[in-house]
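Please open the structure in your viewer and keep the selection tool at hand. The tour below proceeds from one selection to the next.

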Amino acid sequence: MGQRVIRRSTHRVWESLIDRNVGHDPATTTGAWLDVGPTNRWAMFDQALGSVTTDEAPIAVTLRPGLAASGLAILDCNAAAVRVQAPGYDRTVAPTGGSGGALFLDLSLAAGASITVTLTPFGKAATRVVWDDGFAWDDSVSWQDTVAGTATAELPSWADAEGVSDLTNWQDSRGGDGTVFVGTMLLGILRPLGITEGSATSGITDYSRRETDEFGETMIVPRAWAKRMAGKALIRTDAVDQVVGRIAAVRAVPSLWLGDAGVDSLIVYGFFKDFSVEVGETLSKLTLSIEGFSEAKTPAPLTIPWENVSGTKPTENADNTGENTSKDTGAVAGVPATQVIADAASVKQRSDILENITIPAINSAVAAANALIKAAGAKADAALADLNAKLLSSGIALDGSLASSDSKLGAARVAAELAVSRANTRIDAAMTDLNAEANRAQGKDELLERRIDSLIVVTNKNDGEVRALIETERLVRTDNVRAIAQRIDSVVTDYTSRDSVTNTRITTTITALSAADRALGERIDTVTTEFQSADAATSTRITDSVAALSAADEAIGRRVDSIVADVTTKDAATQAAISRVELASSTRDTALGQRIDSVETDYKSRDSATNTRITTQVTALSAANAALGERIDTVTTDFKAADSATSTRITQSVTALSNADTALGQRIDTVTTDYRAANAATGTRITTAVAALSDADTALGQRVDTITTDYIGRDSRTNARVDQTVSAMSEADRALGSRIDTVAASFGTALTAKAQEITTAFTSADTALANRTEVLEASSRATDTAIPALTARIKSTEDTLVDLPNRYAASSLVQTLDAQMRGAEPSGISTSLIARIEDRATAIADAMTGAVAQTVQTLRSEYNGTVATVSQQAGTIVDLAGKATAYVRLLADGGNGVARLSLWSDHFGGAWELIGNGRIGGDLVVDGTITSMKMGASSVQQAMFMTLPGSMAIPYG
């Protein structure tokens with residue numbers, strides 16, 4: 001009776017209720033066995049609260065689930081830290097909440113992959129803590145195992161085809177405060193049910209019995225209790241069926257329900273009681289009630305009352321002499337010597353906790369923050385890449401080298417150019433045919449009438465002739481398919497002498513044609529004046545040409561106006577030209593309009609040539625699937641001489657496109673100046689490019705400003721460039737703003753200097769990120785290998801991140817100063833000199849971890865592998881259980897040894913630790929006890945005992 005056994009198939013412990021209990025199966029025999037609970041090893045997997053797996057050594061469990069998993073939960077544990085390791089995942093957290101829980105909700109575990117969970121205990125030594133009232137207490141509680149001595153009876157491996165393996169070295173002893181226990185371990189898939197509203201409620205259901213009799217006496221029978229929770233969540237209406245299906249699927253499955261991962265009362269392990277959904281048009285509301293498991297009461301082990309113990313036994317309340325505080329035993333100032341040594345050891349243990357748990361936990365939180373910031377930055381970079389890709393695919397290539405002929409804007413331009421070319425070709429061909437028809441010989445079945453009226457006067461003189469002429473020619477012709485009419489009016493005057501010749505000609509030509517398939521009309525007005533002499537020649541020509549074409553499927557009109565003036569002398573020639581070309585064309589599917597205005601002046605002489613050209617081109621196109629408008633203004637000036645050439649070009653291009661799914665706008669302004677001579681060349685380019693795009697799912701805008709200057713000489717080459725790129729994009733699930741400022745200068749390929757600032761703001765459905773990066777860099781790359789490469793860099797990166805679903809906020813600041821020299825000695829041995837100063841600061845608010853702040857400053861010098869470093873690290877952490885730790889650590893490492901000073905404060909109090917040889921040059925005052933493991937002979941003088949207010953325990957070394 002009272003003996004316990006284990007049934008391996010169920011991993012349960014049974015206690016015998018009768019004597020001589022042999023041959024009775026606990027699972028099938030009634031009244032002979034008591035089901036005590038799960039075995040120690042399996043208690044964490046029994047899907048019940050109250051039973052725990054416990055051990056003094058760290059508990060490490062490796063699982064290999066058959067299905068994928070995205071979350072792991074540890075409930076009811078007292079571990080100092082819980083570490084979860086999986087492929088591509090390694091995270092350590094300190095359990096929080098009143099029940100000691102740890103959540104890992106960011107897993108991505110594939111089916112069949114292994115995951116290892118390690119629970120690390122707190123130190124075993126008792127710690128004396130002095131309270132404000134001056135009394136001391138310790139936490140040396142003796143923990144007891146509910147299934148003592150049974151763990152070693154189990155086989156060391158699990159009986160489920162190696163799906164789970166246990167790495168823990170299980171022990172029988174359960175004493176000491178170093179015990180670690182875990183009540184429940186859950187691994188599975190996270191199923192989102194919406195966004196929890198702020199009005200969630202939590203409470204408990206108490207199963208205790210309270211009865212009051214007729215005399216007013218109340219009897220209380222304490223029993224178990226269970227958590228309960230009720231809350232509301234917002235969900236999209238189109239996801240209602242999916243959410244309802246998820247809840248219904250776990251109607252008989254114990255599950256962990258998370259109302260708020262950062263609030264322990266809103267984390268319940270159990271079942272849903274009921275739920276309902278209030279369905280709205282776009283947003284619906286889920287109401288859910290959860291009932292948790294009650295804590296399973298573990299049967300107490302059988303004990304024998306003290307009065308029933310027979311034989312020799314110690315007196316009641318006997319004292320352990322080694323722990324009393326009397327003066328006749330080993331004591332220091334009334335405190336047992338063993339306790340004094342334990343106090344000193346506890347500082348070492350707390351230092352170990354600081355180095356092995358607290359600092360790694362803070363470092364892990366900072367690394368996780370940096371990983372989240374990096375992931376959010378990658379999303380922002382992807383959004384910026386998408387923005388540029390959308391602009392490029394739409395033909396808005398703000399960098400001409402990126403132009404794409406397959407783009408929407410490029411295709412629209414090609415369509416407009418083809419329409420212009422086709423219209424000009426059609427009307428040119430029509431006018432050529434018209435003139436040919438007017439001037440051909442009379443046909444067989446054609447009627448033709450021609451009349452020429454002229455008036456002419458000629459005067460002859462000794463050295464020339466003077467003539468005046470007025471002439472009108474009229475022509476009409478018809479046949480069965482067409483009618484043609486033409487009139488030509490001419491006024492001509494001439495003067496000829498030995499010294500000069502002049503001429504004036506005014507002509508008007510009007511032609512009309514009507515046929516079964518088309519109608520044509522053309523009028524050309526021309527005024528020409530000329531002067532020629534032995535020394536010079538001048539000419540002026542004014543032309544106004546109007547043409548119109550109408551056919552079954554097209555209508556085209558064109559007008560060309562031009563004025564040209566020329567002067568030619570023995571030494572120089574000049575010309576000025578003004579022209580305007582207007583074209584209008586309509587077809588069954590396209591309407592086109594274009595106007596080109598040009599003003600051009602030229603000067604040419606023996607020594608130089610200059611040119612000025614001003615052009616305005618306006619094009620409009622409307623088709624069944626697109627509308628395009630474009631205006632290009634250009635001003636160009638050129639100078640050429642025997643020893644130099646200069647050029648200036650100013651261009652402004654404005655383009656707009658609208659089609660069924662996209663609206664595009666682009667403006668590019670460019671100013672370019674160039675100088676070229678035999679010994680040098682310089683160039684300056686200023687560009688402003690603005691683009692906007694809107695389609696069904698995206699709105700984006702970008703502006704790029706660039707200033708570039710170049711100098712190229714026989715002995716040197718320099719370049720300076722200033723860039724500013726501003727981009728913005730909004731989509732249904734993300735928004736991006738970006739600004740990049742860059743200033744760069746170079747001297748050939750040897751010396752470069754660069755200053756850059758990048759600012760990015762990015763938001764998505766669950767993340768907000770702001771980033772600013774500043775870089776100052778100077779470098780040299782000599783072509784001579786004997787000259788080392790030099791680099792100096794200052795970089796500052798600022799990041800802020802908010803992760804709404806995970807209730808997470810982080811800020812990070814990194815500043816780096818870097819100086820490097822790399823080269824090779826004449827002997828061929830490489831030389832590397834590196835000096836670096838780095839400052840890092842991180843602040844984190846995490847609903848699952850707590851509040852973390854850390855600063856790290858590092859100084860590093862390196863020469864050919866020899867390294868000297870100084871680092872100062874400070875951190876604070878407060879977890880959700882209210883446990884706080886603050887520390888400062890200063891470390892110096894010159895390669896031959898490490899000196900380290902650590903100061904910290906935790907829930908045990910303040911402490912410090914110094915590693916390395918030391919010397920105190922002044923006075924040292926100690927108010928407490930000095931404990932040393934070893935001291936040198938004669939190293940302590942009598943005066944030291946007289947001045948210390950405390951006392952010393954000095955083991956002689």
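Select Ala735 first: it stands opposite Thr763 in β42. This is a predicted model, in which local features need pLDDT of at least 70 and side-chain atom pairs count only at pLDDT 80 or more, while totals for chains, interfaces and linings use all residues. Residues are numbered from 1 along each chain as its sequence is written, and side-chain values use heavy atoms, with hydrogens and water left out.

Next, colour β41 and strand β42 (residues 751-764), which pair in the antiparallel sense over 14 bridges. Strands (E, at least two residues) and helices (H or I, at least four) are DSSP runs numbered from the N terminus, and two strands pair if DSSP finds at least two bridges between them. The hairpin of β41 and β42 has 3 residues between the strands, and Gly748 in its turn has a positive phi of about 60°.

Now add strand β40 (residues 717-731), which pairs with β41 (residues 734-747) in the antiparallel sense over 13 bridges. A hairpin of 2 residues joins β40 to β41, and Val726 stands opposite Arg739 in β41.

Move to helix α1 (residues 240-249), whose buried residues (under 20% relative accessible area, 1.4 Å probe, protein chains only) are Val240, Val243 and Ile247. Seen down the axis of α1, these fall within an arc of 70° and so line one face of the helix; the arc is that of the directions from the helix axis to the C-beta atoms. The face turned away carries Asp241 and Ala249, both exposed (over 50%).

Finally, zoom out: the protein has 4 helices and 53 strands, and 32% of its 957 residues count as buried.
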